[in-house]
Amino acid sequence: MNSEIITRFAPSPTGYLHIGGARTALFNWLFSKNQNGKMLLRIEDTDKTRSTKEAIDAILFGMEWLGLNWDDDVIFQSQQIDRHKEVAYKLLDSNNAYYCYCTQIELDEMRKKAASEGKSPKYNGKWRDKTPNESDKTVKPVLRIKTSETGSTLLDDLVQGQVHFKNDQLDDFVLLRSDGSPTYMLASVVDDFDMGVTDIIRGDDHLTNAARQSQIYDAMQWRKPRTSHIPLIYGIDGNKLSKRHGAMAIGDYKNMGYLPETIINYLVRLGWSHGNQEFFTVGEMIDLFKIEKVNKSPSRLDFKKLTNMNSNYIKSKDNNDILTIIKDHHQNLNIKIKDGDIYNQILTIIPSLKEKSKTINDLIELSSYLTRDDDEITVKNELLDINNQATNKHLTGIVNIIKNIKNWNIIEIENSIKSYIDDNDIKLFELAQPLRIVLTGSTVSIGIYDIITSLGKNAVINRVNKYLKN
RNA sequence: GUCCCCAUCGUCUAGUGGUUAGGACGCUGGCCUCUCAAGCCGGAAACAGGGGUUCAAGUCCCCUUGGGGACACCA
């Protein structure tokens with residue numbers, strides 16, 4: 001008895017892998033892993049004019065980045081066309097399909113008429129029982145399925161529950177286009193069958209397609225796979241995802257500084273939960289995931305929560321892993337590091353960096369005072385509104401103190417600065433803030449002692465002196 | 001328009017007839033503080049509306065309203 005679970009993720013390469021597609025892939029992956037099954041990847045590229053190589057690459061890259069590995073080789077639907085046709089002709093031979101000679105104009109009018117009569121704008125079955133005469137044969141026909149006109153189709157969906165459709169609502173959809181190419185409706189059923197798919201997990205925009213496709217299974221007398229139609233994700237405003245709110249390619253999330261584990265963890269909590277638990281390791285997700293627990297209601301994308309989750313993952317990451325991530329991003333951002341020793345300096349401040357960073361971009365920004373040359377630190381006067389004689393006096397004073405520090409370590413540095421402010425009866429803020437701005441070019445940074453320690457004596461003196469000269 | 005699905009704080013959600021309706025993000029008051037965060041201690045914030053069923057309803061049923069999806073020679 002072969003009871004292996006096989007799922008598939010079947011994106012069409014007409015756009016990039018967006019966040020909703022990523023979640024569908026994730027649910028497929030978790031479902032199959034949970035049951036020691038397989039997840040296959042099928043690229044639905046039957047629409048040759050809209051499919052692109054770039055989109056395929058983006059999908060594969062996105063899945064790899066997220067760690068959603070698929071089993072076996074990638075299947076390209078376009079390579080199975082002969083098989084799709086074969087099934088179509090079997091359907092024709094068994095009187096479950098027929099040629100339709102309607103023109104596009106004819107179909108448009110048919111739909112307009114149905115709409116004006118308050119009926120569903122489906123194909124009216126004009127050619128179901130007709131044989132074409134000579135004049136009809138000037139148009140190239142499509143092959144349509146002959147759906148049952150009576151009875152009803154029951155869908156027993158793992159997420160949606162039992163859903164009934166009256167068969168008279170189902171239209172005779174197209175199997176083969178007039179150029180002989182198979183449609184998605186046909187191709188995906190044939191491929192799912194041939195691939196031995198036991199469970200289809202896809203967006204609930206396919207729910208009615210499931211009822212329609214079930215006609216093909218019945219006509220072929222094929223065993224139907226179980227289905228799970230998961231709700232879609234919307235933007236924060238409740239509308240369909242668009243460029244405006246994050247339907248960007250999954251790679252864009254990488255560029256925005258999100259960790260793949262953040263994305264995975266955030267997505268799994270959209271529509272699925274395990275009590276009040278917010279954070280899951282991948283292993284926990286696999287163990288706990290049950291498709292039946294997925295909600296039926298759609299959810300919205302919330303970047304605030306995503307960002308919060310990311311900051312938590314950054315904090316929990318190993319220092320050396322963070323360093324590796326910083327290095328990768330420097331490469332991506334084309335930030336040139338002249339001296340390899342800078343990474344040793346960065347490593348020392350990673351504990352502080354992690355505490356203040358919500359994204360990888362924050363890590364980069366907060367450590368940029370180390371990756372930039374002394375000359376590249378510019379102090380805008382509006383930043384230094386405490387720019388006055390007293391400030392300059394203290395900056396001069398502190399340079400002299402720093403020059404005399406013998407053991408360059410954070411304790412020594414902190415003690416020296418503290419005694420300076422005590423001696424001069426000023427608040428730490430009055431010295432630390434100007435110093436911060438002069439040393440980093442920013443009003444926001446990690447702790448001032450960390451800055452000074454990591455920068456090294458020469459750089460500190462150079463940067464302060466450079467400022468004082470101007 | 002027809003059919004299908006959905007409905008707990010602003011958002012993600014817990015809840016499976018008896019709960020002070022819980023958590024997380026966000027918002028907010030305070031503490032801490034060299035900046036910004038973080039952290040710690042508090043706070044406001046929800047069962048869409050109306051009918052049933054029941055001793056008892058966020059939980060079950062019906063209607064209304066409001067969202068969403070499908071209705072292509074796209075996938």
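Helices, as the word is used here, are DSSP runs of H or I with at least four residues, and strands are DSSP runs of E with at least two, both numbered from the N terminus. On that basis Asn-334 belongs to the loop between α11 (319-332) and α12 (341-356), and the model in which this loop is found is a predicted one.

Asn-334 is a convenient place to begin, since its backbone stands out: its phi is near 60 degrees, a positive value in a residue other than glycine. Most residues other than glycine have a negative phi. Asn-334 also counts as exposed, because its relative accessibility is 54% and the cut-off for that class is over 50%. Gln-221 presents a related case, with a phi near 55 degrees, again positive in a residue that is not glycine. The loop that holds Gln-221 runs between α6 and β10 (226-230), and with a relative accessible area of 73% this residue is exposed.

From these exposed loop positions we can turn to the interior. In soluble globular proteins, nonpolar side chains tend to be buried together. In this model the largest nonpolar core has 91 residues, and within it Met-63 and Ile-263 are the residues with the most contacts. Helix α1 (residues 19-34) supplies the largest share of this core, namely eight residues. The surroundings of Ile-263 show which parts of the chain meet there: once neighbours within four places in sequence are left aside, Ile-263 is in contact with Ile-19, Trp-65, Leu-66, Ile-250, Tyr-253, Tyr-258 and Leu-306. Ile-263 is also one of the buried residues of α8, a helix that is mostly covered, with eight of its nine residues buried. Polar side chains are included in that buried set, among them Thr-262 and Asn-265.

Apart from the largest core lies another, of 23 residues, which include Leu-40, Leu-186, Ile-216 and Trp-222. Leu-186, which sits in helix α5 (residues 184-194), counts as buried because its relative accessibility is 0%. Not counting residues up to four places away in sequence, Leu-186 touches His-84, Val-87, Ala-88, Leu-175, Leu-176 and Ile-216. Between Leu-186 and Met-220 the C-alpha to C-alpha distance is 12 Å, with 34 residues separating the two in sequence. Helix α6 (residues 207-220) also holds Gln-213, a residue whose relative accessibility of 3% places it among the buried ones. Beyond its neighbours within four places in sequence, Gln-213 is in contact with Tyr-184, Met-185, Ser-188, Val-189 and Arg-202.

A further packing arrangement involves helix α15 (residues 389-403) and helix α17 (residues 428-440), whose axes come within 10 Å and cross at roughly 75 degrees. Given that angle, α15 is roughly perpendicular to α17. On the α15 side the contact is made by Thr-391, His-394, Leu-395 and Ile-398, and on the α17 side by Leu-431, Pro-434, Leu-435 and Val-438. Sorted by character, the residues of this contact are six nonpolar and two polar, with no charged residue.

Charged side chains come into view with the salt bridges, of which the structure holds 22. One of them joins Glu-44 to Arg-42 with an N to O distance of 2.7 Å, and both of these residues are buried. The pair is part of a wider arrangement, in which Arg-8, Arg-42, Glu-44, Asp-191 and Asp-192 are linked in a network of salt bridges. Another salt bridge brings together the side chains of Asp-172 and Arg-128, at 3.0 Å from N to O. Because Asp-172 lies in the loop between β7 (161-166) and β8 (174-176), while Arg-128 lies in the loop between α4 (104-116) and β5 (142-145), this pair ties together parts that are 44 residues apart in sequence. Both Asp-172 and Arg-128 are buried.

The salt bridge between Glu-278 and Lys-305 has its closest N and O atoms 3.3 Å apart. This pair links distant parts of the chain, since Glu-278 is in the loop between α8 (260-268) and α9 (282-288) and Lys-305 is in helix α10 (residues 303-316), 27 residues apart. Glu-278 is partly exposed, with a relative accessible area of 28%, and Lys-305 is likewise partly exposed, at 39%.

Conventions. Residues are numbered from 1 along each chain as its sequence is written. Chains are lettered from A and ligands numbered from 1 in the order in which they are written. This is a predicted model: local features need pLDDT of at least 70, side-chain atom pairs count only at pLDDT 80 or more; totals for chains, interfaces and linings use all residues. Side-chain values use heavy atoms; hydrogens and water are left out. A nonpolar core is a set of buried Ala, Val, Leu, Ile, Met, Phe, Trp, Tyr and Cys residues joined through side-chain atoms within 4.5 Å. Buried means under 20% relative accessible area, exposed over 50%, partly exposed in between (1.4 Å probe, protein chains only). Contact means heavy atoms within 4.5 Å. Axes are lines fitted to C-alpha atoms, for helices over the stretch in contact, and angles run from 0 to 180 degrees between N-to-C directions. Angles under 35 degrees count as roughly parallel, over 145 as roughly antiparallel, 65 to 115 as roughly perpendicular and the rest as oblique. Ala, Val, Leu, Ile, Met, Phe, Trp, Tyr, Cys and Pro count as nonpolar, Asp, Glu, Lys and Arg as charged, and the others, Gly among them, as polar. A salt bridge is a side-chain nitrogen of Lys or Arg within 4 Å of a carboxyl oxygen of Asp or Glu.
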